[in-house]
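Ready for some practice in reading a protein structure? Have a look at the sequence and the model, then work through the exercises below.

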Amino acid sequence: SRSKSRVNLSIRSIGPIVLKHELSHLGEVGFRSENARKLPVTGQGYGLYNCKRLAELLDASIEFRAEQRSLYESGGIQYANFITSLSLPEAPTSVKAD
């Protein structure tokens, strides 16, 4: 969607529930939530960090939101919606030559 001079993009996926006290750490280098560490899938905690870094390089803002209401449970881990919202500045419609 567009608003004023920005393009807004939201990506929703289902993943292990992120606990409330962990929300402020999303996007930190090497951070993996408690439930993500329980998964058999290994990770280094660079995915959301890289998203945050790219947003900074593009002069964009990024927000990570994790719903606390469980959709289902698998292997003793509860899963819920996870939303990444990105707000990018629109590219100029024309470029002036020097």
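**Exercise 1.** Does Ser87 count as buried or exposed? Work with the predicted model, and then describe the surroundings of Ser87.

*Solution.*
Step 1: Place the residue. Ser87 sits in strand β5, which covers residues 77–89.
Step 2: Apply the cut-off. Buried means under 20% relative accessible area. Ser87 has a relative accessibility of 12%, so Ser87 counts as buried.
Step 3: List the contacts. Beyond its neighbours within four places in sequence, Ser87 is in contact with Arg6, Val7, Asn8, Ala60 and Ser61.
Step 4: Look at the side chains. Those of Ser87 and Asn8 make a polar contact at 2.9 Å.

**Exercise 2.** Is Val29 buried, exposed or partly exposed? Find what Val29 touches, too.

*Solution.*
Step 1: Val29 belongs to the loop between β2 (6–16) and α1 (34–38).
Step 2: Partly exposed lies between the 20% and 50% limits. With 48% relative accessibility, Val29 therefore counts as partly exposed.
Step 3: Not counting residues up to four places away in sequence, Val29 touches Gly45, Tyr46 and Tyr49.
Step 4: Val29 and Arg53 are 24 residues apart in sequence, and their C-alpha atoms are 9.8 Å apart in space.

**Exercise 3.** Which residues make up the largest nonpolar core?

*Solution.*
Step 1: Name the members. This core has five residues: Val18, Leu26, Phe64, Ala66 and Phe82.
Step 2: Zoom in on one member. Leaving aside neighbours within four places in sequence, Leu26 is in contact with Val18, Phe31, Leu48, Phe64 and Phe82.
Step 3: Recall the general trend. In soluble globular proteins, nonpolar side chains tend to be buried together.

Conventions: Residues numbered from 1 in each chain as written. Predicted model: local features only at pLDDT ≥ 70, side-chain atom pairs only at ≥ 80, totals over all residues. Heavy atoms only, no water. Core = buried A, V, L, I, M, F, W, Y, C linked by side-chain atoms within 4.5 Å. Buried < 20%, exposed > 50% of the residue type's maximum accessible area, 1.4 Å probe, protein only. Contact = heavy atoms within 4.5 Å. Helix = DSSP H or I, 4+ residues; strand = E, 2+ residues; numbered from the N terminus. Polar contact = N/O pair within 3.5 Å; in protein donor to acceptor, adjacent residues only side chain to side chain.
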